[in-house]
Amino acid sequence: MTRLLVRVDATHEKGLAHAARTSRLIASLPGSLEVELVGTGESLSRFFPGVTITPTGPDAGATVLARAEAFEPAAILIDEPDMDPGLWAALEKVPHIKRIAIDDFGGPMPADLAVNGTVIPRYHTYTGLRSGGKSMCGGHYALLSRHFAGARHDAPRTGPIVAVCGGGDRAARWAMTLAEIGPGLAIGYGFTLIVGAAYPRFDALSEIARAHGTTLERGLPPETLARRLAEAPAAVLTGGMIAYEALAAGVPALVFPQLENLVEEIDWFAQRGGLIDLGFETGDKPEHIAAELTGLLNNPARARALSQTGPQLVDGLGMERAAAAVAELLKLGQGGKE
């Protein structure tokens, strides 16, 4: 059986997308795997049920190295929002172990395989790959659940308007605003607000939602989230992985890039007609959201164009492509070490 050591966190600050995409990638691999994980976050056990989880401690590199020496994996898979030089330096002590980086920004990481599903070309540079290493970059390598590609883009969208809020403090505050104003924005459609399982102050959010008639859902599995998007005539979203999922599902979407590092990415999609950019400065302003959403709902031709363009930019099949590359690297299902 092939052993795989994983380094990933699942916290409100970092979001749950890293753990979600990593767990789905592992589930997509052929053959039998024995997995251990080094990371922080109460939600990790939900994404990796039954997996031994070691907290990172003050020195993640030392923790990962200790587990690598004890567990003796065939590969270490790392999915972190920022490169940890100490971690990669520690791995030099176990050069025989393959290294897989799931990444969004590029860098000098000495990996055997780097998978980067973001669309900004300047984030696609990997100067430190090991001999024979390769990178796979671009929207067609976005690690999405297959359910988003399977959403029917041509189906009548008769469900409620959907809002989905990702991680971070600004997104959390935006969810409070949407819980209050959402039904007024979506008169005649209904309004559903979806947040992640790690959303803070969920009880307070629930009270606001009940008081204003907002349907509130938390921690939806990908098949349910894909169905919500497929049924929605429009979606209001934060930036991050949910924007890619909405593009693959073909839902006309208005996106608030709540973090500065998301601005360029959302602008890239907007310039190509895949979504409507609410703006970093203005995206959380109720009057701006109302004007943009009303304009979209009153313009069926624009909504159809967004719906058709999204899946062309992100086809939702990146998980299968990445899984094939990892399987090739580790010789899974090919008579290798299993």
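Modeller: Ala, Val, Leu, Ile, Met, Phe, Trp, Tyr, Cys and Pro count as nonpolar; Asp, Glu, Lys and Arg as charged; the others, Gly among them, as polar. By these classes, the lining of the second largest pocket has eight nonpolar, two polar and three charged residues. This is a predicted model: local features need pLDDT of at least 70, side-chain atom pairs count only at pLDDT 80 or more, and totals for chains, interfaces and linings use all residues. Residues are numbered from 1 along each chain as its sequence is written, and side-chain values use heavy atoms, with hydrogens and water left out.

Biologist: What makes a space a pocket or a cavity?

Modeller: Take a 1 Å grid over the protein atoms alone. In a cavity, a 1.4 Å probe fits but cannot get out; a pocket is an open set with protein on both sides within 12 Å along at least five of seven lines.

Biologist: How many cavities of 30 Å³ or more are there?

Modeller: Two. The largest has a volume of about 60 Å³, the space filled by probe spheres set on grid points joined across faces, edges and corners.

Biologist: Why are Trp88 and Met109 called lining residues of the largest cavity?

Modeller: Lining means having an atom within 4 Å of a point, so both, listed in its lining, meet that cut-off.

Biologist: Which classes line the largest cavity?

Modeller: Six residues are nonpolar, none polar and four charged. Asp82, Asp84 and Glu80 are among the lining, and Asp and Glu count as charged, so these three belong to that class.

Biologist: What is the volume of the second largest cavity?

Modeller: About 30 Å³. His18 and Lys14 are among its lining residues.
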